[in-house]
Amino acid sequence: MTCDGRRRHGLPGFTNRAVHGNAAALAGCSPMRRVHSIRFMLFAKRTQRERFEREAERVFPSIFGAALRLTRSREEAEDLSQEAIVRAYEAFDRFDGTNFKAWMLRIITNLYINRYRQRQRGPQLGSLDDENAYEPVSDEGEAPDRLLFDGLVGAEIEEALAKVPDDFRLAVILSDIEGLSYQEIADATEVPIGTVRSRLARGRAILRRELGGFAKREGYIGKESEE
Amino acid sequence: MIDPLEIQALADGELTSEQAELLRAQIAECPRSTATLHSLQSLRDLLQTRTETFECDETWSRCVGRLNELDRSSRIEGFVGRYAWGLCGAFALVIAVGGYWSRMAHTGVISSSDVPREAASMFPVPGVRSMSDFKQWVGQKLGFESPQIQDTRLNVACVYQGTLDGMPAVRLALQDSDGNADLTIVHGAQAVDGVRPLQDGQFSVGRVNGENLVTWTRDGSAMLLVSPRSMDQLVDLASEIRVR
């Protein structure tokens, strides 16, 4: 079939490539068939848009939250998340259909790395990506984390998270808040899995220290824990 | 001491069930590793359940707006790309039809601003020194009857021949006591553009190359009299030529 896109490509799940391929196949068709095919292409395009919008709307809070936690500026987060949506829509035909959220987070991470981190000056964190650059998360002598974290509220956690250096914060956000696997984080940040593991360990250690310090300053740790 | 990164992998669910089971057994025997695992789990729980949720409806609306813009421009680009040849053809057709219409609508109308340029490209005709020579020459060479120009007061200094807008034309360099004047006769021209009619309705006047111009039509020809003299003098001269 050259003119009947429905039979050629099937419904649903057609892609932009299918639509463009169909356009090329229109040459040589009768006018009536061309009209039908153009109508079909418009329908396919509209359906694809609806499908993208449905998926994107579902994961947008995560995308926006990640952008906000990465940039630490609402204005920049809005700009970044809008750009990510536009990029994703343009590349939607290349989405493999497995994990839309991970794919979107990968796009926004790449955008963030390209757009914002290039502005940064001074020494990079590469030296800390060493597999051995690990700090213990908890110490036997310290109060249990359950006690440390019990009194904390969302804003305090976000504040502590914002103090974690960029590379580590990115790994912690993608893993602990967005629930990506090591492999998905490695793909998104374009670093080896070993680096992801060490960044996560380091980021969590720093975050825990910040949270602990915050809990102590605010008096969230009870007397029994100090004893 | 168990590798803390292994404990972290266990907390993150990155191990196979066999690896996880084995590691759990080892961790159970080590209080420090157990504390590390609990600490990691607490932190993960904290981040998954207690982080803030951000209001983003407005941002999403803006995203939808940008997607609409993208679709709109994509539709336009697609249309232009698909029908580029058709659009070019239609545009060329409009130009051709417009040109043809313009030509047909202005048949027999000459533009006064074209006269100096066209007159300059005319070539001189030797041996024509008087009005009677001129009348004879026009009849013989150009195949139409000369307009009635019988002024013996005017000397014909030179005669030039050529075309104006595809119509046969002659130019007479005239001299009288007030100076020089150029009379261009365009055979077949019905009207002259770029001039305004005088109240008497016989003549139209205008300016060409900084000189005054008087035009009129007679015997199927348009006459254009150009001279640096004043408009009144030029109209008088035109009246003399026309009447006589």
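Student: Leaving aside neighbours within four places in sequence, which residues is A:S81 in contact with?

Tutor: In this predicted model, A:S81 is in contact with A:F60, A:I63, A:F64, A:A67, A:I108, B:T59 and B:C63. A:S81 itself is found in helix α4 (residues 74–90) of chain A.

Student: Why is A:S81 called buried?

Tutor: The term requires under 20% relative accessible area. A:S81 has a relative accessible area of 0%, and therefore it is buried.

Student: What makes the approach of the A:S81 side chain to A:A77 a polar contact?

Tutor: The cut-off for such a pair of N or O atoms is 3.5 Å. The side chain of A:S81 reaches the backbone oxygen of A:A77 at 2.8 Å, so the distance is within that cut-off.

Student: Why is strand β4 (residues 167–176) of chain B called largely enclosed?

Tutor: Of its 10 residues, 8 are buried, so the rest of the structure largely encloses this strand.

Student: How do you know that β4(B) pairs with strand β3 (residues 155–164) of chain B?

Tutor: Pairing requires at least two bridges. β3(B) and β4(B) have 9 bridges, in the antiparallel sense, so the requirement is met. One of the bridges joins B:C158 to B:A173 in β4(B).

Student: What makes β4(B) and strand β5 (residues 179–187) of chain B a pair?

Tutor: These strands share 8 bridges in the antiparallel sense, and at least two are needed, so they pair. In β5(B), B:V186 is the bridge partner of B:A169. The two strands form a hairpin with 2 residues between them.

Key: Residues numbered from 1 in each chain as written. Chains lettered and ligands numbered in written order. Predicted model: local features only at pLDDT ≥ 70, side-chain atom pairs only at ≥ 80, totals over all residues. Heavy atoms only, no water. Helix = DSSP H or I, 4+ residues; strand = E, 2+ residues; numbered from the N terminus. Buried < 20%, exposed > 50% of the residue type's maximum accessible area, 1.4 Å probe, protein only. Polar contact = N/O pair within 3.5 Å; in protein donor to acceptor, adjacent residues only side chain to side chain. Contact = heavy atoms within 4.5 Å.
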